[in-house]
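Open the model in your viewer and set it to cartoon. Keep the selection box at hand, and follow the stops in order.

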Amino acid sequence: MYATEWSCMAQSTITVPQRTPPGWVNSFMRMALKTPVLQRSLGRGLALLTVTGRRSGHQYVIPVSYTRAGDEILVVTKKARSWWRNLSECPNVTLRLAGRDHVGHAIASVGDPSRAGLLRDYLSERRFDARAYGVRIDPDGRANVDDVDALLTQVVLVEIVLA
């Protein structure tokens, strides 16, 4: 490869922001997603995920964005967050979708190259999330492959199969 070709190629520099929303934002979202009128407008891509603490046994309710294909749900979260670690010992979850609670089984994966296509599909559908992670959208409307590959090691893919 010639030096001029290399300099013309776009380099991916994905850095996941480490900040988390203030506590009141998650509290508001939990309330909104339990209120039928608000849930209808907000709940199209947002859900409430309930996980059980692996040590404490405490129930944690986390607002998450998701994509759905039949009975399979995909949630993407920052690796720096800790709630997803509970899934290693207690993979049974409850997901509040469209005003109804569903039980499911969750598997979390980090940095698995075989899941890159799944992450790309997610970010192509969830453009707001793609922007938040700094992932470019290509002219074909899909998340940029290089950006997705760079992001893969910094996020957790939580795949949930509903019962």
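The tour goes from the whole chain to the strands, then to the cores and the salt bridges.

**Stop 1: the whole chain**

Select everything. This is a predicted model. The protein has six helices and six strands. Trace the elements from the N terminus and they come in the order α-α-α-β-β-β-β-β-α-α-α-β. A run of three helices opens the chain, and a strand closes it.

Now colour by pLDDT. The mean for the protein is 85, and 75% of its residues reach 70 or more. Select residues 1-10. Here pLDDT stays under 50, and the model has five contacts beyond four places in sequence for this stretch. Where pLDDT is low, the predicted coordinates should not be read in detail. Move on from there.

Switch on the surface. The protein exposes about 9,500 Å², and carbon and sulfur atoms supply 55% of that area. How many of the 163 residues count as buried, as a percentage? The figure is 37%. Next, consider contacts between residues at least 6 apart in sequence: 60% of them join residues at least 24 apart.

**Stop 2: strand β1 and its partners**

Hide the surface. Select residues 46-52, which form strand β1. Is this strand mostly covered or open? It is mostly covered, with six of its seven residues buried.

Add residues 59-69, strand β2. β1 and β2 run antiparallel, joined by seven bridges. For one pairing, pick L48 in β1: its bridge partner in β2 is P63. Six residues sit between the two strands of this hairpin. Click G57 there; its phi is positive, near 75 degrees.

Now add residues 92-97, strand β4. This strand also pairs with β1, antiparallel, through three bridges. Pick L49 and look across to β4, where L95 is its bridge partner. So far, β1 has been shown with two partners, β2 and β4.

**Stop 3: the nonpolar cores**

Show side chains for L49, I73, V75, W83, L95, V158 and I160. These have the most contacts inside the largest nonpolar core, which holds 19 residues. L49 and L95, the bridge partners from the last stop, are both in this group. β1, β2, β3 (72-78), β4 and β6 each give two or more residues to the core. Which element gives the most? β6 does, with four residues.

Centre on V158. Setting aside neighbours within four places in sequence, V158 is in contact with I73, L74, V75, W83, W84, L87, A106, I107 and A108. Apart from this core lies another, of 17 residues. Select some of its members: I14, V16, V135 and L157 are among them.

**Stop 4: the salt bridges**

The count of salt bridges comes to five. Three of them are worth a visit.

Select R115 and E159. Their side chains meet in a salt bridge, 2.6 Å from N to O. R115 lies in the loop between β5 (100-110) and α4 (116-125), and E159 lies in strand β6 (residues 155-162), so this pair ties together parts 44 residues apart in sequence. R115 has 23% relative accessibility and counts as partly exposed. E159 is partly exposed too, also at 23%.

Next, select D147 and R136. They form a salt bridge with the closest N and O atoms 2.8 Å apart. D147 is in helix α6 (residues 145-151), while R136 is in the loop between α5 (127-133) and α6, 11 residues away. D147 is buried, at 2% relative accessibility. R136 is partly exposed, with a relative accessible area of 34%.

Last, select R126 and D129. Their salt bridge has its closest N and O atoms 3.6 Å apart. Both residues are buried.

**Stop 5: around R126**

Stay on R126, in the loop between α4 and α5. Why does R126 count as buried? Its relative accessible area is 17%, and buried means under 20%. Now show its surroundings. Beyond neighbours within four places in sequence, R126 is in contact with G45, L46, S65, Y66 and T67. L46 falls in the range of β1 (residues 46-52), and S65, Y66 and T67 fall in the range of β2 (residues 59-69). That brings the tour back to the hairpin.

Technical notes:
Residues are numbered from 1 along each chain as its sequence is written. This is a predicted model: local features need pLDDT of at least 70, side-chain atom pairs count only at pLDDT 80 or more; totals for chains, interfaces and linings use all residues. Side-chain values use heavy atoms; hydrogens and water are left out. A salt bridge is a side-chain nitrogen of Lys or Arg within 4 Å of a carboxyl oxygen of Asp or Glu. Buried means under 20% relative accessible area, exposed over 50%, partly exposed in between (1.4 Å probe, protein chains only). Contact means heavy atoms within 4.5 Å. Accessible areas come from the Shrake-Rupley method with a 1.4 Å probe; for residues, only the protein chains shown count as cover. pLDDT is the predictor's confidence in each residue, from 0 to 100. Two strands pair if DSSP finds at least two bridges between them. A nonpolar core is a set of buried Ala, Val, Leu, Ile, Met, Phe, Trp, Tyr and Cys residues joined through side-chain atoms within 4.5 Å.
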